[in-house]
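Me: I would like to go through some of the labels used for this model and ask what each one rests on.

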Amino acid sequence: MQERLQKILSQAGVASRREAEKIILDGRVKVNGEVVAELGSKADPDNDVITVDGKAIVVAENRVVILLYKPVGYMTTMKDPEGRPIVTDLLKGVKERVYPIGRLDYNTEGLLLLTNDGELANTLMHPSHEVDKGYLVRVSGKVSEEQIGKLTEGVELEDGMTAPAKVAPVSESEHNSWISITIHEGRYRQVRRMCEAVGLSVVRLKRSRYDFLEIGDLKPGNFRFLAPEEVTRLKRKVYAGSGRAPRKTGIVARRQPSSPSPGGRGRGGGGGRPGGKPRG
Ligand code: URA
């Protein structure tokens with residue numbers, strides 16, 4: 001996208017807008033090798049080579065946070081040696097180089113945050129930031145009160161006892177039951193292993209909540225940009241008590257992708273009612 005040169009220079013941290021104007025007027029700026037010394041000239045920071053005194057400038061990306069409904073059958077890594085689809089394949093039209101905050105298994109669906117804000121991602125993934133994550137779990141057969149009780153209190157896994165969880169029955173049919181489990185830990189395949197430990201066989205696992213963020217009406221493969229207020233709320237929450245003030249968000253308001261999203265592969269698929277209330 002074409003933008004005024006002085007804006008590009010100031011966003012790249014070269015100088016304030018006023019100083020950038022002077023730098024341009026002094027003939028120190030080149031766009032694709034040509035001196036541009038007129039105020040109001042435009043360039044495309046993504047495609048043009050812009051130099052000041054012969055040095056290329058680096059334009060910082062806007063920091064964004066994306067909430068994606070990860071469908072089953074996608075990896076949350078940035079590359080897969082086996083060539084399986086990866087979640088960023090779904091983000092058609094997103095220019096920023098975002099990566100997932102944490103992981104969901106290949107066979108797990110639901111709410112996944114992605115960002116290009118390294119500080120926020122690292123803070124959210126750190127075990128000391130106990131962000132609640134809510135899951136809906138469909139298991140074979142019925143779930144006993146004893147099983148709910150054990151999951152709630154914490155179960156012994158290979159890597160130690162799990163912290164107490166919030167667990168509640170949601171619905172039950174002849175062959176399956178849905179329960180909700182909220183945990184704040186983020187161990188490898190934790191929910192599946194917790195269920196197995198109490199004798200429950202998981203047939204479907206969906207993350208529906210991440211702290212105050214809900215998957216809402218998003219369909220598998222669809223995504224939305226978090227609003228700046230949501231990012232600020234997330235930052236306030238995780239930076240509170242860490243002794244660090246949240247940085248200015250730097251998060252820009254974005255036009256939301258229309259529904260379905262530009263990259264909404266797998267929309268409406270996945271079987272069952274992934275976007276709606278679970279049923280057995
Ligand atoms: N727990 C799991 O078992 N898998 C996930 O993907 C997330 C939580």
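Me: What makes strand E2 and E3 a pair?

Reply: In this predicted model, two bridges join strand E2, residues 29-31, to E3, and the strands run antiparallel. Pairing requires at least two bridges, so E2 and E3 count as paired. Within E3, Glu34 is the residue that stands opposite Val31.

Me: Why are E3 and E6 called edge strands?

Reply: The open sheet has four strands in the order E3-E2-E5-E6, with antiparallel pairing. Strand E3 (34-35) and strand E6 (55-56) each pair on one side only, and they are the edge strands.

Me: How do you know that Arg189, Val191 and Arg192 make polar contacts with the ligand?

Reply: A polar backbone atom of Arg189 is 3.2 Å from an oxygen atom of the ligand, a polar backbone atom of Val191 is 3.1 Å from a nitrogen atom of the ligand, and a backbone N or O atom of Arg192 lies 2.9 Å from a ligand oxygen atom. The cut-off for a pair of N or O atoms is within 3.5 Å, so each of these pairs counts as a polar contact. Of the 240 Å² of accessible area that the ligand has on its own, the protein covers 95%.

Me: Which residues form the shell around the ligand, and what parts of the protein do they come from?

Reply: The residues around the ligand are Leu104, Asp105, Thr108, Tyr135, Arg189, Gln190, Val191, Arg192 and Leu205. By class, four are nonpolar, two polar and three charged. Helix H5 (residues 190-197) gives the largest share, three residues, while domain 2 (60-129 + 215-280) and domain 3 (132-210) each supply at least three.

Definitions and conventions: Residues are numbered from 1 along each chain as its sequence is written. This is a predicted model: local features need pLDDT of at least 70, side-chain atom pairs count only at pLDDT 80 or more; totals for chains, interfaces and linings use all residues. Side-chain values use heavy atoms; hydrogens and water are left out. A residue is near a molecule or strand if one of its heavy atoms lies within 4 Å of it. A polar contact is a pair of N or O atoms within 3.5 Å; within protein, one must be able to donate a hydrogen and the other to accept it, and residues adjacent in sequence count only if both atoms are side-chain atoms. Accessible areas come from the Shrake-Rupley method with a 1.4 Å probe; for residues, only the protein chains shown count as cover. Ala, Val, Leu, Ile, Met, Phe, Trp, Tyr, Cys and Pro count as nonpolar, Asp, Glu, Lys and Arg as charged, and the others, Gly among them, as polar. Domain bounds come from an automatic or database domain assignment.
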